[in-house]
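Please open the model in your viewer and keep the selection tool at hand. The stops below go one at a time, each with something to select and something to look for.

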Amino acid sequence: MARTVDPVGRHLALKLGKKPARPGAVKFKFANFLFKPKLPTPPKVFGHEGLIGANWEVLGNDHYGDCVWAGAAHETMLWNKEAARTVTFSNDSVLKDYSAVTGFNPNDPNTDQGTDMQVAASYRRKTGVLDAHGKRHKVIAYLALAAGNADQLALAMYLFGAAGIGIKFPNTAMDQFNAGKPWDVTKNAKIEGGHYIPGVGRDAKGNFVIVTWGKIQLMTPRFYTKYCDEVVVYVSQEALTTSGKTLEGFDLAQLRTDLNALG
């Protein structure tokens, strides 16, 4: 468990909650797309996190190790907002999925053991995550990126709107979070556990834009390279506008063709 301080100096608990990476657990590889001649080069600055503003919400990750599920909710919120729809999640809806997959019981602290990213991704494809109004939201597919490869991450976030990043969380990152500074590599850092964060864009200084504990946080590429141990990009039909494409003009129909060819 990591700890932070609120504006009046009270200590608040913030949880992590990603289980250790299992290399090769996600069989479908994003790298299979990297030789496609029509892939765009991401611009220096991109991302649509401003569509959500300050309304991300923590979704239980201040009390429980449900970061994988809070992140899934944040990704789903963003995809739908990109398509001019508003989807909301509650602590209860997010924790229901955490319970369904892991056996978590809020009345038994011993059951709060975090989530395997591949298991969660499979659940998101087959069952879908539950929103505050009882509707489930599925992804079409999910693909593994090379952990720590900053170029792959930028391309995946640009094409698909978000990527699910798993990191080994250093204690120094909490100090940087408290201070409103980007996550960066520092000396004498100690790993506190695993954490899941949606990556959603890149700023003018080259920092990756991520969402954690209900806030926007910046992360340097070298932090990502050092601490990322797994990363997955999801294909969501909910990100499509009325034209059938993403805001960046990505064509899902063509992606389906490519996925079938790879399979």
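## Stop one: Glu-75

In this predicted model, begin by selecting Glu-75, which you will find in helix α1, the run of residues 67–82. Is Glu-75 buried or exposed? With a relative accessible area of 1%, Glu-75 falls under the 20% cut-off and is therefore buried. To see what surrounds Glu-75, show its contacts while leaving aside the neighbours within four places in sequence: they are Arg-124, Ala-162, Ala-163, Gly-164, Tyr-196, Pro-198 and Tyr-234.

## Stop two: strand β9 and its partners

Select residues 208–212 next, which form strand β9. Five of the five residues of this strand are buried, so β9 is largely enclosed by the rest of the structure. Colour its two faces separately, and you will have buried Phe-208, Ile-210 and Thr-212 on one side, with Val-209 and Val-211, also buried, on the other.

Which strands pair with β9? Add strand β8, residues 191–202, which runs antiparallel to β9 and is joined to it by three bridges; here Arg-202 stands opposite Phe-208 of β9. The hairpin of β8 and β9 has five residues between the strands, and within this hairpin Gly-206 takes a positive phi near 90 degrees.

Then add strand β10, residues 215–219, which pairs with β9 in the antiparallel sense over five bridges. Selecting Ile-210 leads you across to Gln-217, its bridge partner in β10. The hairpin of β9 and β10 has two residues between the strands, and in this hairpin Trp-213 has a positive phi near 50 degrees.

## Stop three: an enclosed space

Switch now from the strands to the cavities, of which four reach 30 Å³ or more. The second largest cavity holds about 60 Å³ of space. Of the 13 residues that line the second largest cavity, select those closest to its centre: Asn-61, Cys-67, Tyr-196, Thr-212 and Trp-213. The elements that each give two or more residues to this lining are α1, β8 and β9, and the largest share, four residues, comes from α1.

Two of the residues named so far return here: Tyr-196 is among the contacts of Glu-75, while Thr-212 is one of the buried residues of β9.

## Stop four: the cysteines

Keep Cys-67 selected and add Cys-228. Cys-67 counts as buried because its relative accessibility is 1%, and Cys-228, with a relative accessible area of 9%, is buried too. How many disulfides are found in the whole structure? The search finds zero.

## Stop five: helix α5 and strand β8 again

Select residues 171–179 for helix α5, in which the buried residues are Thr-172, Ala-173, Met-174, Gln-176 and Phe-177. Following α5 is Gly-180, with a positive phi near 70 degrees.

Return from there to strand β8 and pick Glu-192, which lies within it. Glu-192 counts as partly exposed, at 37% relative accessibility. A distance label between the C-alpha atoms of Glu-192 and Lys-168, which are 24 residues apart along the chain, should read 7.5 Å.

## Stop six: two residues with positive phi

Most residues other than glycine have a negative phi, and most peptide bonds are trans. Against that background, select Glu-57, which is not a glycine but has a positive phi of about 70 degrees. Glu-57 sits in the loop between β3 (46–47) and α1, where it is partly exposed, with a relative accessible area of 45%.

Then go to Ala-84, in the loop between α1 and α2 (91–102). Ala-84 likewise is a residue other than glycine with a positive phi, near 65 degrees, and its relative accessible area of 74% makes it exposed.

## Last view: the whole chain

Finally, clear the selection and zoom out to the protein chain, which has seven helices and 11 strands. Of its 263 residues, 52% are buried. Among the chain's contacts with a separation of 6 or more, 71% are between residues 24 or more positions apart. Turning on the accessible surface shows an area of about 12200 Å², of which 51% belongs to carbon and sulfur atoms.

Definitions and conventions: Residues are numbered from 1 along each chain as its sequence is written. This is a predicted model: local features need pLDDT of at least 70, side-chain atom pairs count only at pLDDT 80 or more; totals for chains, interfaces and linings use all residues. Side-chain values use heavy atoms; hydrogens and water are left out. Buried means under 20% relative accessible area, exposed over 50%, partly exposed in between (1.4 Å probe, protein chains only). Contact means heavy atoms within 4.5 Å. Two strands pair if DSSP finds at least two bridges between them. A disulfide is a pair of cysteine sulfur atoms within 2.5 Å. Accessible areas come from the Shrake-Rupley method with a 1.4 Å probe; for residues, only the protein chains shown count as cover. On a 1 Å grid over the protein atoms alone, a cavity is a set of points where a 1.4 Å probe fits but cannot get out, and a pocket is an open set with protein on both sides within 12 Å along at least five of seven lines; lining residues have an atom within 4 Å of a point. Grid points are joined across faces, edges and corners, and a volume is the space filled by probe spheres set on the points.
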